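User: Please take a close look at a single part of the model shown below, the packing of its interior, and then set that part in the context of the surrounding architecture. A connected account with all cut-offs stated would be appreciated.

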2 protein chains.
Amino acid sequence: MRTVLINTGTELLLGDVQDKHLSFISHQILPLGLRIDEQRTVPDGTAIRDALNELFLRAEIIFVTGGLGPTSDDITREIVAELLGLELRRDDAVMTAISERLSKRSIRSTNRIPRQADVPAGARVLTNENGTAPGLYLRKDVNPRIRSPHLFLLPGPPRELQPMFCESVMSILRSIVPASLKLSRRLYKIAMTGESIIEEAIGEEILAIPGIELGYCARPAEVDLRIIGEAAGVDRADAIIRSKLGSSIFSTNDESLEEVIVKLLTERKETIALAESCTGGLLAHRITNVPGASAVFLAAYVTYSNDAKVDALGLVSDLIKKHGAVSEPVARAMAEGARARARSTYAIATTGIAGPTGGSVEKPAGTVHVALASTDQETIARRFFFPSDRETFKQMTAQAAFELLRKKLRTEV
Amino acid sequence: MRTVLINTGTELLLGDVQDKHLSFISHQILPLGLRIDEQRTVPDGTAIRDALNELFLRAEIIFVTGGLGPTSDDITREIVAELLGLELRRDDAVMTAISERLSKRSIRSTNRIPRQADVPAGARVLTNENGTAPGLYLRKDVNPRIRSPHLFLLPGPPRELQPMFCESVMSILRSIVPASLKLSRRLYKIAMTGESIIEEAIGEEILAIPGIELGYCARPAEVDLRIIGEAAGVDRADAIIRSKLGSSIFSTNDESLEEVIVKLLTERKETIALAESCTGGLLAHRITNVPGASAVFLAAYVTYSNDAKVDALGLVSDLIKKHGAVSEPVARAMAEGARARARSTYAIATTGIAGPTGGSVEKPAGTVHVALASTDQETIARRFFFPSDRETFKQMTAQAAFELLRKKLRTEV
C-alpha cells in the first residue's frame with residue numbers, strides 16, 4: 001500500500017524546528033509491512049492543498065502532520081474539510097476535553113482555542129492526551145463523491161503525535177492493512193567500530209543472499225546495521241552477522257547503550273557512579289533518560305574545574321599539577337574517587353579536551369582518557385582521540401565510556 | 001530561485017536516522033533570500049534518479065544529501081554522473097586526502113574506500129574536513145547537451161555536511177543568487193510562556209501589517225516566534241513585539257537559554273554550580289555544550305540517591321525524612337549546599353518526580369521544585385508541575401531552572 005507522509009509547516013522549511021515524525025512513524029508501521037514510500041515537507045497555506053490534491057490519486061495512505069493548533073497558521077483541518085467537501089462542526093466532547101485540560105494546568109483560554117474542536121463531518125476523533133488539538137482520521141472515500149485515500153491528520157508536536165499514533169492510529173492501520181505484506185527486519189547496534197570495517201566483515205556474504213536489503217546508519221561512535229527482507233533470507237543473514245560480529249553487537253532490540261547498561265546493572269543488582277569532566281553531565285543525562293535508572297545510578301560528580309576534582313572526588317591536588325587534568329592518572333583517580341564517595345559497584349570517569357580551544361601539541365583537542373573503577377578488579381584506563389566538534393566529541397566519549405563498562409559487565413575486559 | 005532539497009537514504013524512510021539537513025540548510029540560505037520550496041526524502045536506488053529527473057526541470061538549485069559514502073548503498077555520485085552524461089574519474093588529490101585522514105586516525109583502508117575519490121568530469125570538489133567523502137558541485141548545465149540546475153551533492157552525516165556548507169557551498173551560492181532577493185527575518189525566543197498567550201498579546205497587531213509572515217515553533221517550555229517580510233514591515237512588527245513581550249524575550253539571536261546564561265555570567269565574571277536530582281545531568285550537559293562554559297561553570301552534583309544528596313551536598317539527613325526528597329526545603333538546601341561546596345556565585349537545584357512511576361496524590365509525577373542560591377540574596381524557590389514523558393519533563397525543568405537564573409542575572413527576581 002503506497003504510503004506518503006506530508007509534514008506541513010513553514011517552520012520546518014525555514015529550519016526553526018526539526019522533523020521527528022518520519023523516523024517515528026516509519027518505525028511504527030514497518031512491522032505491518034508498510035514503508036513510507038515518499039515524504040514531503042510543504043509550507044503552510046495553499047501548498048498543503050496542492051500536495052494533497054496531487055497525492056490523493058497516488059497514495060493509499062496519507063499521514064499529514066502539523067497545522068492543527070490554535071494559531072493563525074494552523075489550517076490543515078480547514079483545507080482537508082474543503083478538499084473533501086465536508087462540513088466542519090464544533091465537537092462538544094472535544095471542547096470539554098480541551099477545557100478540562102486547560103483548567104487542570106491553570107492555563108486560561110483564548111478566543112482561538114475552540115477552533116481545535118472543529119471536526120469535519122464523518123471524521124473520527126483521535127484523542128490527544130498530551131495537548132489540546134485532537135487528531136483526525138478520514139477513511140478512504142469518506143465522502144463518496146470524492147475519491148480519497150485513508151487520511152490521518154496528526155498534531156505537530158512529537159510528544160502529542162507519538163502516544164496518539166501508538167494508541168489510536170496503529171489499531172486503525174491494523175484493520176486496513178492486509179496481513180500478507182509482512183516483512184522481517186533486524187537491527188544490530190555496534191559501538192566503537194566504523195561502518196567500512198563492518199561492511200568488510202559481512203557485506204559480501206550478506207549481499208549474496210537474494211532479496212536482502214542491507215543498510216548502515218553511522219552515528220558518533222555507533223553503527224546501526226539493518227537487514228530487511230523475507231523471513232528465510234533474514235534468518236540466514238542473521239546467522240552470518242552474529243557469527244562475524246558476535247559480542248560487539250550491543251543490542252538487537254533498538255536499545256541505546258545506556259539502556260543496555262541500566263538493564264545489565266539491574267539484573268546484577270549493581271550500582272554506578274560517574275566522574276565527568278569533558279563529558280560535562282552527558283553520561284548522567286543519558287543514564288537518567290532510562291526509566292528505572294534510579295535503581296542503579298547513585299550520583300555523578302561533574303567536576304569541570306580542577307578545584308572541584310580535588311574537593312568532590314578527593315584527588316591529591318599534586319596529581320593534577322604533575323600529570324595535567326587530562327591524563328591517565330587523573331582519570332583513574334577520578335573513577336576511584338567517585339566509586340569510594342558514592343559507594344557504588346562501578347564508577348566511570350572521563351577527562352579530555354573537547355575543544356575548540358585548550359589543546360597542545362602533546363595533547364591536541366580531541367584527546368580523552370576514560371577510566372573504569374570496580375570492586376573486583378584494578379581500575380581500567382583507555383586513551384582515545386576524537387578530533388571533532390564539541391557535541392560530537394562528548395557523544396563519542398560517552399560511547400567509549402559506556403562500551404568499556406558494557407564489556408566489563410560481560411567480563412570481556 | 002526555486003530551491004529543492006532531496007534527502008536520500010532508505011535509513012531515513014525506515015526511521016533509523018533523523019534528518020537534520022533541512023533545518024540546517026534552511027537557516028543558512030535564508031539571508032540570501034532563498035527558501036527550501038520543496039523537500040523530499042527518497043530511498044536509495046532508482047528513486048533518486050526519478051526524483052532528480054522530475055526536479056531537474058522544476059528547480060533552479062537542488063541540494064542532494066547522502067549516498068556519497070563507501071558502502072554498497074551509496075550510489076548518488078554514480079547516478080548523477082549517469083544522468084548528466086559525465087564520466088567518473090578517480091581524483092588523485094581527493095585520494096591523497098582520504099589516505100592521510102585514515103592514517104592520522106590509525107584506521108585501515110578497505111577496498112571500498114577509494115570509490116569516494118571518484119569525481120564526475122566538470123564537477124567541483126568540496127573539501128570534507130570531517131570525513132572521507134568529499135562533496136561535489138555541478139554548475140547549471142554543466143554538460144551543455146543536458147539541461148540541469150545548480151546541483152550540490154553533499155555528505156549525509158551532519159558533522160560533515162555542516163562545515164562544508166558554511167565553507168564551500170555558501171560562497172558558491174552567493175555568486176549565483178541575485179542580491180535583490182533579500183528578505184528580513186527576525187526570531188524571538190521566549191521561555192515559560194505558551195504560544196496562545198503570545199499570539200493573544202501580539203497576533204492581531206502583527207497580522208494587520210501587510211506582507212508579514214508570523215510563525216510559532218513550540219518546544220518544551222519555549223516558543224520561538226518568527227517574522228519574515230520586507231524590511232519596513234519587519235521593523236514595525238519588531239517594535240510591537242518588543243513593547244508587548246519585553247524582557248520575557250531571552251534571545252533575538254537564536255541563542256539557547258544556556259548560551260545566554262553563559263554569556264551573562266561571563267560578562268559579570270560570576271560562576272555557577274548545579275545540584276541536580278530529577279534533571280539527572282541535563283543542566284550540566286546543556287551548559288557544557290556552550291563553548292567557553294569552563295570560565296563560569298565549576299561543578300554539578302547529580303545526586304540521584306538520597307545518600308548522595310546528604311554526602312555530596314551536606315544536607316541534614318533529617319530534612320529528607322521530614323519533607324521528602326521532592327520538597328521546597330530540600331531544593332533550597334541542595335542549592336545552598338552546591339554553592340557552598342563549589343564556592344560559586346550561584347547554584348541551581350532541581351528535585352522532582354520525572355515519572356512514569358514514583359508519584360503520589362499529594363506529589364503527582366510531574367511535580368518539581370527548583371531553587372536558586374546566590375551570594376547576595378536569600379535563596380529563591382519555585383514549584384512547577386510538568387506532567388509529561390520523562391525527557392520532556394527533564395527539558396521543561398531545565399528551562400524553568402535556567403529562566404529563573406536568567407531573570408536573577410537581569411535582576412528581575
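Analyst: Two residues are in contact if their C-beta atoms, placed from the backbone, lie within 7 Å. The model is a predicted one, in which local features need pLDDT of at least 70 and side-chain atom pairs count only at pLDDT 80 or more, while totals for chains, interfaces and linings use all residues. Residues are numbered from 1 along each chain as its sequence is written, and chains are lettered from A and ligands numbered from 1 in the order in which they are written.

With neighbours within four places in sequence left aside, Ala347(B) is in contact with the consecutive residues Ile272(B), Ala273(B), Leu274(B) and Ala275(B), and also with Ala335(B), Ala338(B), Arg339(B), Ala342(B) and Ala373(B). Ala347(B), together with Ala347(A), touches the most other members of the largest nonpolar core, which holds 244 residues. Such a core is a set of buried Ala, Val, Leu, Ile, Met, Phe, Trp, Tyr and Cys residues joined through C-beta atoms within 7 Å. A residue is buried if 20 or more other C-beta atoms lie within 10 Å of its own, exposed if 12 or fewer, and partly exposed in between. In soluble globular proteins, nonpolar side chains tend to be buried together.

The surroundings begin with chain A. Of its 413 residues, 50% are buried, and its C-alpha trace spans about 80 × 60 × 40 Å along the principal axes. Of the contacts in chain A between residues at least 6 apart in sequence, 66% link residues at least 24 apart. Chain A contains 14 helices and 17 strands, taken as DSSP runs numbered from the N terminus (helices H or I, at least four residues; strands E, at least two).

One sheet of chain A is open and has four strands in the order 10-11-9-12, with antiparallel pairing; strands pair if DSSP finds at least two bridges between them. Its edges are strand 10 (213–219) and strand 12 (249–251) of chain A, each pairing on one side only, and the twist averages 30° from one strand to the next. Strand 9 (residues 184–191) of chain A is joined to strand 12 by two bridges, and Ile190(A) stands opposite Ile249(A). Across strand 9, strand 11 (222–229) and strand 12 of chain A lies helix 8 (residues 231–245), at about 15° to strand 9. Such angles run from 0 to 180 degrees between N-to-C directions of lines fitted to C-alpha atoms, for helices over the stretch in contact.

Elsewhere in chain A, strand 7 (residues 135–138) runs antiparallel to strand 6 (residues 124–126) through three bridges, with Leu136(A) as the partner of Val125(A). Strand 7 of chain A also shares three antiparallel bridges with strand 8 (residues 150–154), where Leu138(A) faces Leu151(A).

Pairing also crosses between chains: five bridges join strand 14 (residues 297–303) of chain A to strand 14 of chain B, antiparallel, and Ala300(A) stands opposite Val302(B). Overall, 76 residues of chain B are in contact with 76 residues of chain A. On the chain B side, strand 14 gives the largest share, seven residues. That side divides into 31 nonpolar, 25 polar and 20 charged residues.

A turn of 180° and a shift of 0.0 Å along the axis lay chain B on chain A with an RMSD of 0.0 Å, and this is therefore the relation of a two-fold axis. The same surface serves both copies, as 100% of the contact residues of chain B recur in chain A. The superposition is by least squares on the C-alpha atoms of residues with pLDDT of at least 70 in both.

Terms used. Nonpolar A, V, L, I, M, F, W, Y, C, P; charged D, E, K, R; others polar.
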